[in-house]
Amino acid sequence: MVMDEDVEKTNDVERTHRTEVVDPTKHLHLTWLSLLKFITRNIWSSHKGNCKLKLQSFSKYNAQAATPLREERKKPTNQDDEYADLDWDNLGFGLTPADYMYVMKCSKDGEFTKGELSPFGNIQLSPSAGVLNYGQGVYEGTKAYRKDNGKLLLFRPDQNAIRMQIGAERMLMPSPSVDQFVDAVKQIASANKRWVPPPGKGSLYIRPLLMGSGPVLGLAPAPEYTFIVYASPVGNYFKEGIAALNLFVEEEYVRAAPGGAGGVKSITNYAPVLKALSRAKSRGFSDILYLDAVKKKYLEEASSCNVFVVKGRTISTPATNGTILEGITRKSVMEIASDQGYKVVEKAVHVDEVIDADEVFCTGTAVGVAPVGTITYKDKRVEYETGDESVCQKLRSVLVGIKTGTIEDTKGWVSCIN
Ligand SMILES: Cc1ncc(COP(=O)(O)O)c(C=O)c1O
């Protein structure tokens, strides 16, 4: 998802990638013909007016495989330090790539080969890769937290693995087993430990991505799949920090329709929201609340988080029916809220009910449990209760406590990595 802040941060990403720029004739004895073929096949990059030939891979440049190309992240000199050199007090939600990524491939037989860690860097894809042309891809998001004792905690990564499997099935892709997925996430957290923020300063956002990396021309499933996991330290998702959000109820665009793929974390669900989202942001809103595609009367979710509505001791959230992503935070918050004696209801939530609510809050791995201060619907702006005594804040503090190890995990949600 693109936010103004994200764009700025992304542009600011430490430019540590080293692209080897070499004269190909020094390395290969090419005839003029083969040199010409090589030049026409490979990528020219124009930078500051200089056209330089990026030597990538001669022999591997064929339509068979999406071989990872490592534009290696410059090896940090202080790699043994406990912490990377970062301004931990000012983390936003922009990409600051951690040292290592994990790559695992799967060919037609549906079997994933053993994955491995490599320095974070660009990958090479055929221009006809399924993911680039037909959007065959699903992703996940999970976080690692650092405890006071230095150990790392992961929150329900098995749930992400299962959701990826369900999404992959919908997009006709093979997927890693739960063990393969969780093992990859653990490896990434531990290999990038120095990028996990100090306790209380944020978390290491871990992004598992599964894509059709093999080439296709006609619309068909890709012949090869790549599973990649990378990570970035993050702080608050919204530029509001932990302040209340201002949401806009979108009546023109819909996020998902019955029978579509809104219920899975397909990459195809995200670009279509950008237009409405950036329009809302330019008007000063934090995010959008989408309505159902059929009647445009029932609440669905925000661009990257689920929504809850509080009235008295009842907490309602839109029922998942294939158009709403079943958030892991949503599920966890529902359980915590029931434990605390709230009546938790999953149902079709009419937009009028939202207008009449005491509180509204959003949930997601990236956003956490975020209070909503106002909702604007049909030019009417409604304010909600927020603050320390709010239901949102109470649920948030329990969830954050469990995730970060300050509240005992009696549910088996947290796994610890040394
Ligand atoms: C569209 C959408 N809804 C909800 C969520 C929240 O899901 P989770 O709590 O599993 O992060 C996300 C984020 O993953 C999302 O992208």
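**Exercise 1. Determine how α8 and helix α10 are placed relative to each other, and which residues form their contact.**

*Solution.* Step 1: the axes of α8 and helix α10 (residues 391-404) cross at roughly 115° and come within 10 Å. This model is a predicted one.

Step 2: an angle of 65 to 115 degrees counts as roughly perpendicular. The helices α8 and α10 are therefore roughly perpendicular to each other.

Step 3: the crossing in which α8 passes α10 is right-handed. On the side of α8, the contact is made by S332, V333, I336 and A337, and on the side of α10 by L395, V398 and L399.

Step 4: sorted by class, the contact of α8 with α10 comprises 6 nonpolar residues, 1 polar residue and no charged residues.

**Exercise 2. Describe the packing of helix α5 against helix α6.**

*Solution.* Step 1: two packed helices are described by the angle between their axes and the distance between the axes. For helix α5 (residues 157-170) and helix α6 (residues 178-191), the angle is about 130° and the axes are 9 Å apart.

Step 2: angles over 145 degrees count as roughly antiparallel, and 65 to 115 as roughly perpendicular, with the rest between these ranges counted as oblique. Accordingly, α5 and α6 are oblique to each other.

Step 3: α5 passes α6 in a crossing that is right-handed. The residues of α5 that make the contact are P157, D158, A161, I162 and M164, while α6 contributes V178, F181, V182 and V185.

Step 4: by class, 8 nonpolar residues and 1 charged residue make up the contact of α5 with α6, with no polar residues.

**Exercise 3. Establish how strand β17 pairs with β10, β16 and β18.**

*Solution.* Step 1: strand β17 (residues 368-377) pairs with strand β10 (residues 245-250) in the parallel sense, over 4 bridges. Within this pairing, L247 has I375 of β17 as its bridge partner.

Step 2: with strand β16 (residues 359-364), the pairing of β17 is antiparallel and extends over 5 bridges. Here C362 has A370 of β17 as its bridge partner. The connection from β16 to β17 is a hairpin of 3 residues.

Step 3: β17 and strand β18 (residues 380-383) run antiparallel and are joined by 4 bridges. Opposite Y377 stands K380 in β18. The hairpin of β17 and β18 has 2 residues between the strands, and in this hairpin K378 takes a positive phi near 50°.

**Exercise 4. Characterise the residues that surround the ligand.**

*Solution.* Step 1: the ligand is surrounded by 13 residues, of which the closest are G327, I328, T329, G364 and T365.

Step 2: two or more residues of the shell around the ligand come from each of the elements α8 (328-339) and β16. The element that gives the most to this shell is α8, with 3 residues.

Step 3: by class, the shell around the ligand holds 8 polar, 3 nonpolar and 2 charged residues.

Step 4: the results may now be linked. Helix α8, which gives 3 residues to the shell, also packs against α10 through S332, V333, I336 and A337. Strand β16, another element of the shell, is paired with β17 in the antiparallel sense.

How values were computed
Residues numbered from 1 in each chain as written. Predicted model: local features only at pLDDT ≥ 70, side-chain atom pairs only at ≥ 80, totals over all residues. Axes fitted to C-alpha atoms, helices over the stretch in contact; angles between N-to-C directions. Parallel < 35°, antiparallel > 145°, perpendicular 65-115°, else oblique. Left-handed = near helix turned anticlockwise from the far one by under 90°. Contact = placed C-beta atoms within 7 Å. Nonpolar A, V, L, I, M, F, W, Y, C, P; charged D, E, K, R; others polar. Pairing = 2+ DSSP bridges. Near = placed C-beta within 6 Å.
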